[in-house]
Amino acid sequence: MNLHPFESPTFEMACRQFDLVADVLEIPEAMRDRLKMPKRAMTVTMPVRMDDGRVQVFVGHRVQHHLTLGPTKGGVRFHPEVTLGEVAALAMWMSWKCALVGLPYGGAKGGVACDPRQLSRGELERLTRRYTQELIPVIGPQVDIPAPDVGSDEQVMAWMMDTYSSQVGHAVPGVVTGKPVLLGGSLGRREATGRGVAYLVSRAFDTLGLPMQGARAVVQGYGNVGSVAAAAMADHGLKVIAVADVSGAIHDERGLDLKALDAHVAKTGSVLGFAGAQAMDPAAMLELPCEVLVPAAMERQITEHNAGRIACRILAEGANGPTTPKADEILSQRPEIFVIPDILCNSGGVIVSYFEWVQDLQSFFWTQGEVMDRLYRLLEQAFVQTLELSRRRHLSMRLAALSLGVGRVHEAKLRRGLYP
Ligand code: NAD
């Protein structure tokens, strides 16, 4: 099938992964496009009044990948390079991720092409509210539930919730997740993705029979996922020796003082210039010898150009789609590297988003302990199932995780049948 209008390197990558899994699962040709192609996509243009009085038009998207198992769920990305194809790929991965961990959702994703760091708070609020307004016909607690992703945060979710609620006429906390706790957010949601990454890293150490104490970790991306994963891995005894954000990378073989680094980032907005650490080339950082490498920034960072040189024992994919299919081919010749694939590794975020939605629908809130216990139980189950399938069928961890996710959506579509 012609991929248009989703054509983009990231969508092609998601399709390539799907095709490999469809072969493993022997899904009939006639079912493949039905499973793969997004169900709905919406592109909107949004005129926004800027602080200097100009009106600037932004382009935004929302893609809902499948509606077979319940409402759709997925983050909202504010980033200059957002395209419809990228959003569609991210929505597809959300579908397989939700099915892998057993959540009653289809995948979705949204995005606006903008640089939130160049917008004032007022401009960001007006853009967020305008985007939400445009999405009102296609979102809702039983329809599609946005959440934070790159460039958006709790405050953005609060504005989305407020805009939607103002239209409906009463507070609707269940329309978004990742909100402030005061507005119906869940305890533990902000930390869920990063802590989930660290939990699965600890399970990978157990599986490999390696000690965690003093092991070295390298983290690319120091936002919500990367910074929390770094702190949680340090709690497990790891030493974080290098981190990068969009402005550059820093390195200290003795281990970075993460509390001091967080204070530096809060003050300056960047990891660069952190006292005691050396600046280094961000591309070379990915090739530092370490036990754990956590890409937690953007897609397509581990490619055919560097996959042969990365020097970790565990590749823990905090980001969505950080490794290209060509890099996967190279990694398949490097069995010393244990990959925790993205749809498993970063699933803690959507799991606790699901808990938040359930709490909002019931207006009955859980303790942090209840949230974390339930999170680790679901992660453990998905990790064990993926590892077991990978060993039994001699599949990579990625193909095993995707097979579980795609297989469940396929089965659900067969059970529901084709209407009319
Ligand atoms: P964020 O906006 O909080 O942080 C992104 C970080 O990546 C920032 O530090 C930014 O400076 C850095 N970055 C951007 N481009 C970079 C580059 N080229 N090189 C190095 N660093 C770069 O975003 P986030 O929520 O932490 O999301 C990060 C990744 O995790 C994304 O792939 C996202 O889809 C995925 N993810 C996020 C969640 C969540 O709950 N927030 C859940 C699952 C997956």
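Trainee: Where does the ligand lie with respect to domain 1 (9–171) and domain 2 (192–345)?

Mentor: In this predicted model, the shell around the ligand takes residues from both domain 1 (9–171) and domain 2 (192–345), so the ligand lies between them.

Trainee: How far apart are the C-alpha centres of domain 1 and domain 2?

Mentor: The separation of those centres is 26 Å. Contacts give a second view: 17 residues of domain 1 touch 12 residues of domain 2.

Trainee: What area is buried between domain 1 and domain 2, and which atoms give it?

Mentor: About 1300 Å² is buried between the two domains, and carbon and sulfur atoms give 63% of that area. On the domain 1 side, M13, W93 and K97 supply 35% of what that domain buries against domain 2, more than any other three residues.

Trainee: Back to the ligand. Which residues around the ligand come nearest?

Mentor: The ligand has 21 residues around it, and D149, T193, N224, V225 and N320 come nearest. Sorted by class, the shell holds 8 nonpolar, 9 polar and 4 charged residues.

Trainee: Which helices each supply at least two residues of the shell?

Mentor: Both α6 (189–208) and α7 (224–235) do so.

Trainee: Which polar atoms of the protein lie by oxygen atoms of the ligand, starting with D149?

Mentor: For a polar contact, look for a pair of N or O atoms within 3.5 Å. D149 uses a side-chain atom, a polar one 2.6 Å from a ligand oxygen. Y222 instead offers a polar backbone atom, 3.0 Å from an oxygen of the ligand. A297 also has a polar backbone atom by a ligand oxygen, at 2.9 Å. As for cover, the ligand on its own has 830 Å² of accessible area, and the protein covers 84% of it.

Trainee: What should I look for in the backbone angles?

Mentor: Start from the usual case: most residues other than glycine have a negative phi, and most peptide bonds are trans. Two places in this model deserve a look against that background.

Trainee: What is phi of S363, and where does S363 lie?

Mentor: S363 has a positive phi, near 50°, and is not a glycine. Its place is the loop between α12 (348–362) and α13 (368–393).

Trainee: Is the peptide bond from Y419 to P420 cis or trans?

Mentor: That bond is cis, with omega near 5°. P420 itself belongs to the segment after α14 (397–416).

Terms used. Residues numbered from 1 in each chain as written. Predicted model: local features only at pLDDT ≥ 70, side-chain atom pairs only at ≥ 80, totals over all residues. Heavy atoms only, no water. Near = heavy atom within 4 Å. Polar contact = N/O pair within 3.5 Å; in protein donor to acceptor, adjacent residues only side chain to side chain. Areas by Shrake-Rupley, 256 points an atom, 1.4 Å probe, with all protein chains shown as cover. Helix = DSSP H or I, 4+ residues; strand = E, 2+ residues; numbered from the N terminus. Nonpolar A, V, L, I, M, F, W, Y, C, P; charged D, E, K, R; others polar. Domains from an automatic or database assignment. Contact = heavy atoms within 4.5 Å. Buried area = accessible area lost by both parts, 1.4 Å probe.
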